[in-house]
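Subject: Handing over a structure, with notes

Dear colleague,

I am passing a structure on to you, together with some notes on what was found in it. Please look through the sequence and the structure first, and then read on.

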Amino acid sequence: MVSFRKKKSSKAAGKAGADDVATPQADDSRDEQPAIPSRPPTMDDIPDLLATMEKEKGEKAANATKRVYELCDVGHKQNRVPMVCSGQYDVLTPLANCLTQESGDGRHLACLALNNLSIPTENKRVMALGPSSAAVIGGLCKVIAEDKQESYLCCICLMNLSFLEASITTMLQHSPVPEGASPVAPLDNPESLIRILEKLLKNAPAVPKSGSGKSEGVRWACGLIKNLAKSEENAAM
């Protein structure tokens, strides 16, 4: 399992640093939007933070995503299960939607948050098999397929989910198609998880730089495939 804490010396984690995302100023023309307080976030702030993530873009959305991440970081492990399993709010869909953003800050912070939320066993079932599972797995696959710098974080998150034995068959069967289209077998769909992992490994440098995003992506993708192959059905695929 992999958890993430912010490190000032890390370029990747630096994106999640408190100084990297400016606190949004009050906008008198958008009074319907809840103001994000400057104090440390609490669980009671989650509904307003999610509303900001869904309705705003750019810096405001990234700042709200950062505060959701802070609620489940290494110093707030006790929040991880309630955030996903309490039924009070849906944090997974807005975080998954952030993965499709062009903004690197919002996407990076969403990856960090999803990684931390994917660690507790209780959360694995909800994230891999629950109502938001298609959005979560689909968003993670999209980042990997587009070869974004957060690809390795997405592989880690998927690997965390693959430690739930009940999830591994469903995960490898992930094969999205446009709404209304007929289902396509994973091996016949370039957008399926198995084909995206195949592409990642094929396109990896022959000798990737140790510790680089590329090498970490290959490392975690191999671990993910190993876990997914534990299912007899998956191994046959």
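The notes below go from the whole chain to the packing of some helices and then to one loop residue.

Please keep in mind throughout that this is a predicted model. The chain has 13 helices and zero strands, and of its 237 residues 48% count as buried. Among contacts between residues at least 6 apart in sequence, 65% join residues at least 24 apart.

Two packed helices are described by the angle between their axes and the distance between the axes, and that is how the following two pairs are presented.

Helix 8, which covers residues 133-145, packs with helix 11, residues 193-202, at an angle of about 25°, and their axes lie 9 Å apart. Since angles under 35 degrees count as roughly parallel, helix 8 is therefore roughly parallel to helix 11. The crossing in which helix 8 passes helix 11 is left-handed. On the side of helix 8 the contact is made by C141, I144 and A145, while helix 11 contributes L193, I196, K199 and L200. Sorted by class, this contact of helix 8 with helix 11 has six nonpolar residues, no polar ones and one charged residue.

Helix 11 also has a set of buried residues, namely L193, I196, L197 and L200. They cover an arc of only 100° around the axis, so they are on the same side of helix 11. As general background, an α-helix has 3.6 residues a turn, so residues three or four places apart point the same way.

The second pair is helix 7, residues 121-129, and helix 8, which pack at an angle of about 85° with their axes 5 Å apart. This angle makes helix 7 roughly perpendicular to helix 8. M127, A128 and L129 of helix 7 make the contact with S133, V136 and I137 of helix 8, and by class this contact of helix 7 with helix 8 has five nonpolar residues, one polar residue and no charged ones.

Finally, a word on the backbone at one loop position. Most residues other than glycine have a negative phi. D147, however, has a positive phi of about 55° although it is not a glycine. D147 is placed in the loop between helix 8 and helix 9 (151-162), and with a relative accessible area of 47% D147 is partly exposed.

With best regards

Terms used:
Residues numbered from 1 in each chain as written. Predicted model: local features only at pLDDT ≥ 70, side-chain atom pairs only at ≥ 80, totals over all residues. Heavy atoms only, no water. Axes fitted to C-alpha atoms, helices over the stretch in contact; angles between N-to-C directions. Helix = DSSP H or I, 4+ residues; strand = E, 2+ residues; numbered from the N terminus. Parallel < 35°, antiparallel > 145°, perpendicular 65-115°, else oblique. Left-handed = near helix turned anticlockwise from the far one by under 90°. Contact = heavy atoms within 4.5 Å. Nonpolar A, V, L, I, M, F, W, Y, C, P; charged D, E, K, R; others polar. Buried < 20%, exposed > 50% of the residue type's maximum accessible area, 1.4 Å probe, protein only. Arc of directions from axis to C-beta.
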